[in-house]
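Here are a few friendly notes to read alongside the model. They follow the side-chain contacts one pair at a time.

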Amino acid sequence: MCKGFQLLMDQDKGVITFDSLKKNSSFLGLQDLSDTDLFSMLKEGDFDGDCALSQMEFCVLMFRLSPDLMDQSEFLLEQALEQEFDNFQY
């Protein structure tokens, strides 16, 4: 997810802006989306109202839009916790 954020972000500002999303959307196969659709995506994830997505806002949005990511992350967390617990017992 971090790579996706870096791919879409404005390199000077360190956040995803409307312009950087529009410019780089083709990397994710989103080149056919209208300006309205791109702005709506940006607005949906913009929790602090600055018209840009920070890395945290981007990640939260991706998890909200992709339930499979949440399921996979829960599975990986459970595995890591089990491994830590097993290692702690020795």
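**Notes on side-chain pairs**

1. The structure holds 1 salt bridge. Please keep in mind throughout that this is a predicted model. The partners are Asp35 and Lys22, whose side chains meet with 2.9 Å from N to O. This salt bridge links distant parts of the chain, with Asp35 in helix α3 and Lys22 in helix α2, 13 residues apart.

2. Are the two partners buried or exposed? Asp35 has a relative accessibility of 37%, so it counts as partly exposed. Lys22 is at 40% and therefore also counts as partly exposed.

3. Turning to the rings, a search of the whole structure gives 2 aromatic pairs. One of them joins Phe5 and Phe58: the centres are 5.8 Å apart and the planes make an angle of 55 degrees, a tilted pair. Phe5 sits in helix α1 (residues 2–8) and Phe58 in helix α4 (residues 55–65), so this contact links parts of the chain 53 residues apart.

4. Both of these rings are worth a look in the viewer. Phe5 is buried, at a relative accessible area of 3%, and Phe58 is buried as well, at 5%.

5. Phe18 and Phe39 also pair: their ring centres are 6.5 Å apart, and because the planes stand at 65 degrees, the pair is edge-to-face. Phe18 belongs to helix α2 (residues 18–24) and Phe39 to helix α3 (residues 35–45), so the pair ties together parts 21 residues apart in sequence.

6. As for accessibility, Phe18 counts as partly exposed at 22%, and Phe39 counts as partly exposed at 40%.

Notes. Residues numbered from 1 in each chain as written. Predicted model: local features only at pLDDT ≥ 70, side-chain atom pairs only at ≥ 80, totals over all residues. Heavy atoms only, no water. Phe/Tyr/Trp six-rings, centres within 6.5 Å; stacked < 30°, edge-to-face > 60°. Helix = DSSP H or I, 4+ residues; strand = E, 2+ residues; numbered from the N terminus. Buried < 20%, exposed > 50% of the residue type's maximum accessible area, 1.4 Å probe, protein only. Salt bridge = Lys/Arg side-chain N within 4 Å of Asp/Glu carboxyl O.
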